[in-house]
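Work through the two exercises below with the coordinates open. Each task is followed by a solution in steps.

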Amino acid sequence: MAAIAALIAAVVASFLVSRQVVTPVQRMMKLSHRIAEGEYEERLTVSRGVRSNQLDELDQLALSFNQMADKLEKTETMRRQLIGDVTHELRTPLAAIKGYMEGLMDGVLPAEPETYQQVHTEIDRLQRLVNDLQELSRVEAGAFQLMPVSISLPGLIETIKGNLGHQFEDKGIQLETQVEPYLPNIMVDKDRILQVLTNLVGNALQYTPSGGKVSIRAARDKSEILISVSDTGIGIAPDHLPFIFNRFYRTDKSRTRASGGSGIGLTIAQALVKAHHGRIWAESAGEGKGSSFHFTLPAVG
Ligand code: ADP
């Protein structure tokens, strides 16, 4: 009798224990199938108190599973958003090219060099957008290799002046540089940091009217080097400021689209500065009050 009772108790106990294990595993399997089919909303419930620090292995597995689902959902949202953004960006130049072509075919637009020039400008814009997107996907995926070398800041800033100086002269904008003496070298990928600076100084040039001033400053700030590009240009309203590093974000869509800006430059600059373990941010007192862009890089010595 005792043996039978023990056997029954053992069977019941093992049934209960295995159910405790099998049920959550089955739920996990079901959910993973759902995720594979593109349904990301559902999550597993973690039975014991998350705060009590008494999670067993199954709870920990459920937590990791939920974290994975969160990440997948986020990636999927970003992917959808990117496709939406790119579609939107492509639509405008394509519609313009189609319009010019239809005008030419119907004889409404004259078959003259100016008309072809306009088509060419739109195609140019498309090409720039595609190049920017390619660069963006590369930097966002981290699919680029930094080749850090020790460089001096005065030299770097002189290069920028040499590259863009004549455009400042043409537009009648003063370009001023202030480099703190005895700055240590920085250990960076020269081309990438040049790309960041070119973007910031190029934007300052673009968004500052003639007669204005742009300053490039470099100074030591504890263990970092702080590089700033300030302008006396159109400024950025406080409600736009938090978003300007987002891809495709432009404070005035029609104006900057007309001038060819895709709103990707700052996103790329941010990714490049982060890859160098630095920070980048923007400040502006408001519209018409100029803007300052700052970024930090670790100092070498
Ligand atoms: P874009 O190619 O449009 O210039 P960016 O990513 O470089 O793209 O800049 C994003 C947006 O941030 C710009 O469209 C502009 O609205 C704003 N912006 C950037 N730099 C400045 C600046 N120096 N002054 C005013 N607005 C700026």
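**Exercise 1: aromatic pairs**

This predicted model holds two aromatic pairs. Classify each pair by the angle between its ring planes, and assign the burial of each partner.

Solution.

1. Phe243 and Tyr249 have ring centres 5.6 Å apart and planes at 40°. An angle that is neither under 30 nor over 60 degrees counts as tilted, so the Phe243–Tyr249 pair is tilted.
2. Phe243 has a relative accessible area of 38% and is partly exposed. Tyr249, at 22%, is also partly exposed, because buried requires a value under 20%.
3. Phe245 and Phe293 have centres 6.3 Å apart and planes at 70°. This pair is edge-to-face, because its angle is over 60 degrees.
4. Phe245 is buried at 10% relative accessibility, and Phe293 is buried at 9%.
5. Phe245 sits in the loop between β5 (224-231) and α6 (253-258), and Phe293 in strand β7, so their pairing ties together parts 48 residues apart in sequence.

**Exercise 2: the ligand shell**

Describe the residues that surround the ligand and list polar contacts to ligand oxygen atoms.

Solution.

1. The ligand is surrounded by 21 residues, with Asn203, Tyr207, Asp231, Thr251 and Leu266 the closest.
2. By class, the shell has nine nonpolar, ten polar and two charged residues.
3. Polar side-chain atoms lie 2.7 Å from a ligand oxygen atom for Thr251 and 3.0 Å for Tyr207. Gly263 places a polar backbone atom 3.2 Å from a ligand oxygen atom.
4. The ligand alone exposes 530 Å², of which the protein buries 96%.
5. Two or more shell residues come from each of α5 (190-206), α7 (265-275) and β7 (291-298); α5 gives the most, with three.

Technical notes:
Residues are numbered from 1 along each chain as its sequence is written. This is a predicted model: local features need pLDDT of at least 70, side-chain atom pairs count only at pLDDT 80 or more; totals for chains, interfaces and linings use all residues. Side-chain values use heavy atoms; hydrogens and water are left out. A residue is near a molecule or strand if one of its heavy atoms lies within 4 Å of it. A polar contact is a pair of N or O atoms within 3.5 Å; within protein, one must be able to donate a hydrogen and the other to accept it, and residues adjacent in sequence count only if both atoms are side-chain atoms. Accessible areas come from the Shrake-Rupley method with a 1.4 Å probe; for residues, only the protein chains shown count as cover. Helices (H or I, at least four residues) and strands (E, at least two) are DSSP runs, numbered from the N terminus. Ala, Val, Leu, Ile, Met, Phe, Trp, Tyr, Cys and Pro count as nonpolar, Asp, Glu, Lys and Arg as charged, and the others, Gly among them, as polar. Rings of Phe, Tyr and Trp (its six-membered ring) pair if their centres lie within 6.5 Å; planes under 30 degrees apart count as stacked, over 60 as edge-to-face and the rest as tilted. Buried means under 20% relative accessible area, exposed over 50%, partly exposed in between (1.4 Å probe, protein chains only).
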